[in-house]
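Here is a short tutorial conversation between a learner and a teacher. Please keep the sequence and the structure in view while you read.

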Amino acid sequence: MHLGRGDGTFAARTRIGGGWNAYNEIVAVGDTDRDGRPDLLANGRTGHVDSTLALYRGTGDWKAPFAPRAGATTILPAPGWYTTLF
């Protein structure tokens with residue numbers, strides 16, 4: 001991760017853990033739990049959203065910016081929610 005310095009430049013790279021290749025998609029989704037810290041949402045390789053979706057909550061600590069993996073189903077609507085949007 002490259003942290004912003006607030007002046008348009010970035011600090012040196014910070015390692016935030018390993019094993020991220022277990023996911024097909026990693027998305028910065030903003031503040032999902034409304035604690036004022038940005039969070040990450042990751043989708044696994046199987047493509048089954050309900051069983052492989054993970055939430056990494058932001059901690060606010062630059063040395064360990066994300067908490068351990070948490071199930072993401074608590075932040076998502078019920079299965080089939082997308083069918084009502086179209």
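**Reading a residue and a pocket**

Q: In which strand is Asp39 placed?
A: Asp39 has its place in strand β4, which covers residues 39-44, and we should keep in mind throughout that this is a predicted model.

Q: How far is Asp39 from the nearest side chain of opposite charge?
A: A salt bridge requires a side-chain nitrogen of Lys or Arg within 4 Å of a carboxyl oxygen of Asp or Glu. The nearest side chain of opposite charge to Asp39 is that of Arg57, at 5.8 Å, so Asp39, although buried, has no salt bridge.

Q: With which side chain does the side chain of Asp39 make a polar contact?
A: The side chain of Asp39 makes a polar contact with the side chain of Thr32, at 2.8 Å. In addition, a polar atom of the Asp39 side chain lies 2.7 Å from the backbone nitrogen of Gly58.

Q: Which residues lie nearest the centre of the second largest pocket?
A: Gly58 appears again here, together with Met1, Pro38, Pro65 and Phe66, as the residues nearest the centre among the 15 that line this pocket. The volume of the second largest pocket is about 200 Å³, and its lining consists of eight nonpolar, four polar and three charged residues.

Q: Why does Ala11 count as partly exposed?
A: Partly exposed is the class between buried, under 20% relative accessible area, and exposed, over 50%. Ala11, which is found in strand β2 (residues 10-13), counts as partly exposed because its relative accessibility is 26%.

Q: How far apart are Ala11 and Met1 in space?
A: Their C-alpha atoms are 9.3 Å apart, while in sequence Ala11 and Met1 are 10 residues apart.

Note on methods
Residues are numbered from 1 along each chain as its sequence is written. This is a predicted model: local features need pLDDT of at least 70, side-chain atom pairs count only at pLDDT 80 or more; totals for chains, interfaces and linings use all residues. Side-chain values use heavy atoms; hydrogens and water are left out. On a 1 Å grid over the protein atoms alone, a cavity is a set of points where a 1.4 Å probe fits but cannot get out, and a pocket is an open set with protein on both sides within 12 Å along at least five of seven lines; lining residues have an atom within 4 Å of a point. Grid points are joined across faces, edges and corners, and a volume is the space filled by probe spheres set on the points. Ala, Val, Leu, Ile, Met, Phe, Trp, Tyr, Cys and Pro count as nonpolar, Asp, Glu, Lys and Arg as charged, and the others, Gly among them, as polar. Helices (H or I, at least four residues) and strands (E, at least two) are DSSP runs, numbered from the N terminus. Buried means under 20% relative accessible area, exposed over 50%, partly exposed in between (1.4 Å probe, protein chains only). Lys and Arg count as positive and Asp and Glu as negative; His and the chain ends are not counted. A polar contact is a pair of N or O atoms within 3.5 Å; within protein, one must be able to donate a hydrogen and the other to accept it, and residues adjacent in sequence count only if both atoms are side-chain atoms.
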